[in-house]
Amino acid sequence: MMRHYAASYARKKGGDRDMIQVTRLNGDKLIINADMIEFVEALPDTIITTTTGKKLNVTESSGDIVDRIIEYKRRIHLIPDLYKKQED
């Protein structure tokens, strides 16, 4: 229940633009901070290890996780360009 509330709150506040969504093996959706990912292992299951040492088993492939991180990085680096266009 708490995870669902956190995900809903993040979406309402625009927080999911700063995070990526993953799916646990039991089907629960989880939104995590992409900057907190230390590495992704592609074993039989995909395991995300955070900088705090927490490990998350997810259904997405390691390639999908990398693609989501790249997209996240692109979004955060485009923000200054958007502000610049508004000023012109």
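This passage describes the fold, the sheet, the nonpolar core and the salt bridges of a predicted model.

The chain contains 2 helices and 5 strands, and from the N terminus on these elements follow one another in the order α-β-β-β-β-β-α. Of the 88 residues in the chain, 27% are buried. The accessible surface amounts to about 6400 Å², and carbon and sulfur atoms account for 54% of this area. When contacts between residues at least 6 apart in sequence are considered, 39% of them join residues that are at least 24 apart. One pair that is separated in sequence is formed by Gln-21 and Glu-60, which are 39 residues apart along the chain, while their C-alpha atoms are 9.9 Å apart in space. Gln-21 belongs to strand E1 and is partly exposed, with a relative accessible area of 32%, whereas Glu-60 is buried, at 8% relative accessibility.

Three of the strands build an open sheet in the order E3-E4-E5, with antiparallel pairing. Strands E3 and E5 are the edge strands, since each of them pairs on one side only. On average, neighbouring strands of this sheet are turned by 20° against each other, if direction is ignored. In general, the strands of a sheet pair through backbone hydrogen bonds, and the pairing may be either parallel or antiparallel.

Strand E3 is joined to strand E4, which spans residues 46-50, by 5 bridges, and the two strands run antiparallel. Individual partners can be followed along this pairing: Ile-37 has Thr-50 of E4 as its bridge partner, Phe-39 is matched with Thr-49 of E4, and Val-40 stands opposite Ile-48 in E4. The two strands form a hairpin, with 3 residues between them. On the other side of the pairing order, E4 and E5 are connected in the antiparallel sense over 4 bridges, and Lys-55 in E5 is the bridge partner of Thr-49. E4 and E5 also form a hairpin, here with 4 residues between them, and Gly-53 in the turn has a positive phi of about 95°.

Strand E4 is mostly covered, as 5 of its 5 residues are buried. The side chains of a regular strand alternate between the two faces of the sheet. In E4, Thr-46, Ile-48 and Thr-50 point one way, while Ile-47 and Thr-49 point the other way, and all of these residues are buried. Apart from its neighbours within four places in sequence, Ile-48 is in contact with a set of residues that includes Val-22, Ile-32, Phe-39, Leu-56 and Ile-65.

Ile-48 is also a member of the largest nonpolar core, which has 12 residues. Among the other members are Ile-20, Leu-30, Ala-34, Ile-37, Val-58, Ile-69 and Tyr-72. At least two residues of this core are supplied by each of strand E1 (19-23), E2, E5 and H2, and the largest share, 3 residues, comes from H2. In soluble globular proteins, nonpolar side chains tend to be buried together.

A search of the whole structure finds 3 salt bridges. In one of them, the side chains of Asp-35 and Lys-73 meet with an N to O distance of 2.6 Å. Asp-35 lies in the loop between strand E2 (29-33) and strand E3 (37-42), and Lys-73 lies in helix H2 (residues 62-87), so this pair ties together parts of the chain that are 38 residues apart in sequence. Both partners are partly exposed, Asp-35 with a relative accessible area of 39% and Lys-73 with one of 32%.

Another salt bridge is formed between Lys-55 and Glu-41, whose closest N and O atoms are 3.9 Å apart. This pair links distant parts of the chain, with Lys-55 in strand E5 (residues 55-58) and Glu-41 in strand E3, 14 residues apart. Glu-41 is partly exposed, with a relative accessible area of 23%. The remaining salt bridge brings together the side chains of Arg-68 and Glu-60, at 3.4 Å from N to O. Its partners differ in their exposure: Arg-68 counts as partly exposed, at 31% relative accessibility, but Glu-60, at 8%, counts as buried.

Technical notes: Residues numbered from 1 in each chain as written. Predicted model: local features only at pLDDT ≥ 70, side-chain atom pairs only at ≥ 80, totals over all residues. Heavy atoms only, no water. Salt bridge = Lys/Arg side-chain N within 4 Å of Asp/Glu carboxyl O. Buried < 20%, exposed > 50% of the residue type's maximum accessible area, 1.4 Å probe, protein only. Pairing = 2+ DSSP bridges. Axes fitted to C-alpha atoms, helices over the stretch in contact; angles between N-to-C directions. Contact = heavy atoms within 4.5 Å. Areas by Shrake-Rupley, 256 points an atom, 1.4 Å probe, with all protein chains shown as cover. Core = buried A, V, L, I, M, F, W, Y, C linked by side-chain atoms within 4.5 Å.
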